[in-house]
Amino acid sequence: MTLRYPLFLLLLFVCASTRALGEDALPAVYLTGTFGYDYAQGTIAVKEYPDAEAETFHMKAKWRGGITNNADKHKRNYSVKLLDGEGAKLETSFLGMRNDNHWILEACQVDMIRVRNRVMTDLWNDFAHKPYYFGQEPKALSGTRGQFVELYLNGQYRGIYCLTECVDRKQMKLKKYATDAAGNVTHHGFLYKGKDWSYEMFMGHNKDVRSYSTPNRQATSIASYGYREEWCNYAVEYPDIDDVKPVFWQPLYDAVNLICAGSDAEVEAKFEEYFDYPVFLDFCILLEVMLSTDNHGKNLYYGIYDIQESPRITFGVWDMDAVMGQRWSDAYYHNALMRPEQDYRTYITNNEHGDWNIYRRVSELNVKGFNDTIRYRYRDLRQTWLHTDSLIARFSRYIDRFETTGAAAREEKKWSYDTDIARLKLDLKAELSWLSDWIERRMNYLDTYRFRIADLPEVNSIEAVEMVSADEEQPCYNLEGHRVDPKTYRGLMIRGGKKMVIAR
């Protein structure tokens with residue numbers, strides 16, 4: 001299925017999240033120092049354009065990532081923390097992004113087009129529902145902003161990098177804990193990160209086990225984890241363990257255990273109490289679109305705004321380079337394993353250690369009319385943010401800029417045939433052509449087989465819509481997944497998995 005959309009709107013969609021920079025060069029970042037697994041001191045300078053004045057900052061930096069630091073890998077990711085002349089924490093803004101101390105230089109090491117993570121994060125920032133507390137925190141973001149630069153390390157060219165903000169309490173605008181005069185802590189916001197696979201990370205099944213019991217066993221007890229930074233491969237990000245002990249794992253445990261061991265009735269009744277339903281629904285759509293290999297629980301942030309008000313978890317995205325036909329390993333270049341015409345959940349079950357049990361249970365139970373709501377939401381997004389031309393244009397805009405500035409040629413010369421990419425030739429334009437075909441095929445598959453949007457009635461059609469009374473107790477949702485009051489809401493709603501309007 002091919003969708004068409006006015007060109008001026010496609011340009012609006014693509015440009016909305018990307019600040020215009022000069023056309024003659026990418027910004028340049030200059031690092032000095034010798035870095036490894038532990039923080040070491042050095043300097044950093046950022047030049048937005050060639051003739052710009054660049055202030056040099058003291059900083060400490062280290063390598064970041066996992067398999068990207070294997071012995072045969074060379075284009076490293078860096079975590080950078082700015083320091084003043086006395087070695088204390090310093091904050092500044094780079095390239096129009098937030099004022100902060102902590103920055104990431106993302107190498108995009110395995111990605112053969114170098115922009116997948118940035119494009120997918122930009123897309124998420126544009127289309128996803130805002131966190132449930134957005135009314136209280138209108139600057140909250142559940143993804144980073146980033147700008148592409150060229151990096152020089154000790155005077156040597158290292159290639160195209162993305163200078164990126166961090167996902168943290170500050171980015172997501174989670175409420176800070178409070179401490180009284182006696183040193184007693186009152187908890188408010190929490191942030192946890194999924195780091196690696198586990199029974200709890202999948203929320204109810206073991207890695208590489210393809211059978212599912214519902215409900216399954218309880219999650220691992222948190223009783224002995226109060227002074228540990230990780231529980232079952234979830235890491236506590238806020239409050240920092242060095243600032244507040246013991247770690248308060250209870251709200252995360254309760255949410256995870258609901259999916260692991262809760263009865264069907266409990267999951268249906270309590271899902272919205274523990275999870276941000278509209279954001280979860282949008283993230284499931286994103287996983288389907290990307291055919292993500294590494295983000296179904298792992299490489300995901302779990303944020304609670306204020307435990308004093310609600311234990312509800314919203315999600316923050318991260319590390320989406322192993323998507324859209326690219327796997328986390330360089331051994332699967334353009335491999336049929338990641339072909340676009342396949343069911344996402346079947347793919348991760350067979351090839352990526354297992355299904356994400358929260359997605360499986362919500363879908364099988366059709367929680368809050370999930371199965372119809374996600375189809376309508378996807379259909380609406382196909383007209384705008386998920387339009388095929390718009391998706392391809394996001395990638396094209398970055399690659400065109402790399403070509404115009406000469407950065408593409410420098411990157412290809414530096415990293416072609418390196419062991420980082422299995423000694424393959426790096427060709428950004430060729431990868432864009434391959435990826436454009438992959439995207440078109442993927443979206444056609446999702447339209448036809450996963451979401452079956454041709455079978456959905458038009459919103460203005462009421463032939464298949466039930467007329468019901470507003471006095472019924474069952475909860476109602478609009479087509480974007482937000483709960484609505486049937487006594488006041490006007491328009492098409494989902495109730496009990498069925499489309500309906502209120503008879504007035």
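**Questions about a predicted model**

Me: In this predicted model, D282 counts as buried, with 0% relative accessibility. Which helix is the place of D282?
Reply: Buried means under 20% relative accessible area, so D282 at 0% clearly makes the cut. As for its place in the secondary structure, D282 sits in helix α6.

Me: Which residues does D282 touch, leaving out those up to four places away in sequence?
Reply: We're after contacts here, which means heavy atoms within 4.5 Å. With residues up to four places away in sequence set aside, the list for D282 is W124, F127, A128, H129 and R377.

Me: At roughly what angle do the axes of α2 and α6 cross?
Reply: Helix α2 covers residues 116–127, and its axis comes within 11 Å of the axis of α6. On the α2 side, the contact is made by M120, L123, W124 and F127, while α6 brings in V279, D282, F283, L286 and M290. The crossing is right-handed. Its angle is roughly 145°.

Me: Is L291 buried or exposed?
Reply: L291 is in the loop between α6 (277–290) and β15 (300–304). It isn't a glycine, yet its phi is positive, at about 50°. Its relative accessibility is 1%, so with a cut-off of under 20%, L291 counts as buried.

Me: What is the relative accessible area of N154?
Reply: N154 also has a positive phi without being a glycine, near 50°. You'll find N154 in the loop between β8 (146–153) and β9 (156–164). N154 is partly exposed, and its relative accessible area is 45%.

Me: How many strands does the closed barrel have?
Reply: Follow the order β1-β2-β3-β4-β7-β9-β8, where the pairing is mixed and the barrel closes. On average, neighbouring strands of this sheet are turned by 40° against each other, direction ignored. Going by that order, the number of strands in the barrel is seven.

Me: What is the bridge partner of E106 in β9?
Reply: Strand β7, residues 102–106, runs antiparallel to β9, and three bridges join them. In β9, E106 is partnered by C162.

Me: How many disulfides does the count come to?
Reply: A disulfide needs two cysteine sulfur atoms within 2.5 Å. Take C108, which is buried with a relative accessible area of 5%: the nearest cysteine sulfur is that of C162, 6.1 Å away, so C108 is in no disulfide under that 2.5 Å limit. For the protein, the count of disulfides comes to zero.

Me: How many of the nine residues of helix α8 are buried?
Reply: Helix α8 spans residues 357–365 and is mostly covered. Its buried residues are N357, I358, Y359, R360, R361, V362, S363 and L365. They pack against α4, α5 (264–274), α6, α7 (344–351), α9 (370–382) and α12 (428–450). Out of nine residues, the buried ones number eight.

Me: Which residue follows α8?
Reply: Look just past the end of the helix for a positive phi, near 55°. The residue with that phi is N366.

Me: What kind of peptide bond joins T214 and P215?
Reply: P215 lies in the loop between β12 (190–194) and β13 (230–231). Omega for the bond between T214 and P215 is about -10°. That peptide bond is cis.

Me: What is omega, about, for the cis peptide bond that joins Y238 and P239?
Reply: P239 belongs to the loop between β14 (234–238) and α4 (250–261). A cis peptide bond links Y238 to P239, with omega at about -5°.

Me: Zooming out, what percentage of the 504 residues count as buried?
Reply: The secondary structure comes to 12 helices and 21 strands. The protein exposes about 20,800 Å², and carbon and sulfur atoms supply 47% of that area. Of the contacts with a separation of 6 or more, 69% are between residues 24 or more positions apart. And of the 504 residues, the buried share is 58%.

Notes: Residues numbered from 1 in each chain as written. Predicted model: local features only at pLDDT ≥ 70, side-chain atom pairs only at ≥ 80, totals over all residues. Heavy atoms only, no water. Helix = DSSP H or I, 4+ residues; strand = E, 2+ residues; numbered from the N terminus. Buried < 20%, exposed > 50% of the residue type's maximum accessible area, 1.4 Å probe, protein only. Pairing = 2+ DSSP bridges. Axes fitted to C-alpha atoms, helices over the stretch in contact; angles between N-to-C directions. Areas by Shrake-Rupley, 256 points an atom, 1.4 Å probe, with all protein chains shown as cover. Left-handed = near helix turned anticlockwise from the far one by under 90°.
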